[in-house]
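Here is a small set of exercises to work through at your own pace. Have the sequence and the 3D view open, try each task, and then compare with the worked solution.

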Amino acid sequence: MKLCSRCDTKFEPKVSYQIYCGVECRDAATKEKIVERYQITRRQKRKGKNRMCLGGCGTSLSIYNDDGFCANCNVSKKAVDKMIKEIKGFFDYDQE
Ligand SMILES: [Zn+2]
Ligand SMILES: [Zn+2]
């Protein structure tokens, strides 16, 4: 018996190199690896570039920043998003 590398379930391997209990775990693990690699190359491409915060505050962002906003502006961006949603809700209501 072996333990699945992903979900930790015991399984009987059909081949000696099998590390996942089934197709589901194998596919999910493959997808996770692709996403991981994609994020790494995406971050590597940011090297040497001076990325500024999209909030216009002048903070330069690290290559690990995925959303384009610094920590400070990320908070206000969320607040703005929420406000826009509320305004939209208001207009939707108005049109009925
Ligand atoms: Zn599994
Ligand atoms: Zn900022």
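The exercises below cover metal sites, salt bridges and one backbone angle.

This is a predicted model, in which local features need pLDDT of at least 70, side-chain atom pairs count only at pLDDT 80 or more, and totals for chains, interfaces and linings use all residues. Residues are numbered from 1 along each chain as its sequence is written, chains are lettered from A and ligands numbered from 1 in the order in which they are written, and side-chain values use heavy atoms, with hydrogens and water left out.

**Exercise 1. Find the protein donors of the zinc ion (ligand 1) and describe the site.**

Step 1. Donors are N, O and S atoms within 2.8 Å of the metal (3.2 Å for Na, K and Ca); water is not among the atoms, so sites may look incomplete. Here the SG atoms of Cys4, Cys7, Cys21 and Cys25 lie 2.2 to 2.4 Å from the zinc ion (ligand 1).

Step 2. Along the chain, these donors follow the spacing C-x2-C-x13-C-x3-C.

Step 3. Four donors count as tetrahedral if all angles lie between 85 and 135 degrees; four count as square planar and six as octahedral if opposite donors are over 155 degrees apart and all others between 65 and 115; anything else is irregular. The angles among the 4 donor atoms are 106 to 115 degrees, and the site is tetrahedral.

Step 4. For accessibility, buried means under 20% relative accessible area, exposed over 50%, and partly exposed in between (1.4 Å probe, protein chains only). Cys25 is buried at 8%, whereas Cys21 is partly exposed at 30%.

**Exercise 2. Work out which residues coordinate the zinc ion (ligand 2).**

Step 1. Cys53, Cys57, Cys70 and Cys73 each supply an SG atom, at 2.2 to 2.4 Å.

Step 2. Their spacing in sequence is C-x3-C-x12-C-x2-C.

Step 3. Why is the arrangement tetrahedral? Because the 4 donor atoms around the zinc ion (ligand 2) subtend angles of 103 to 114 degrees.

Step 4. Cys53 is buried, with 6% relative accessibility, while Cys57 is partly exposed at 40%.

**Exercise 3. Count the salt bridges and place some of them in the fold.**

Step 1. A salt bridge is a side-chain nitrogen of Lys or Arg within 4 Å of a carboxyl oxygen of Asp or Glu. The structure holds 7 of them.

Step 2. Begin with Arg6 and Glu32, whose closest N and O atoms are 2.8 Å apart. Arg6 lies in the loop between strand 1 (2-3) and strand 2 (10-11) and Glu32 in helix 1 (residues 23-45), so this pair ties together parts that are 26 residues apart in sequence. Helices (H or I, at least four residues) and strands (E, at least two) are DSSP runs, numbered from the N terminus.

Step 3. Move on to helix 2 (residues 71-95), where Asp81 and Lys77 lie 4 residues apart, about one turn of the helix. Their closest N and O atoms are 3.5 Å apart.

Step 4. Lys82 and Glu86 also form a salt bridge, at 3.7 Å from N to O. They are separated by about one helical turn because they are 4 residues apart in helix 2.

Step 5. Finally, look for the network of salt bridges that links Arg42, Arg43, Arg46 and Asp66.

**Exercise 4. Examine phi of Asp8.**

Step 1. Most residues other than glycine have a negative phi.

Step 2. Asp8 has a positive value, near 70 degrees.

Step 3. Where does Asp8 lie? Asp8 is in the loop between strand 1 and strand 2, and Asp8 is exposed, with a relative accessible area of 56%.
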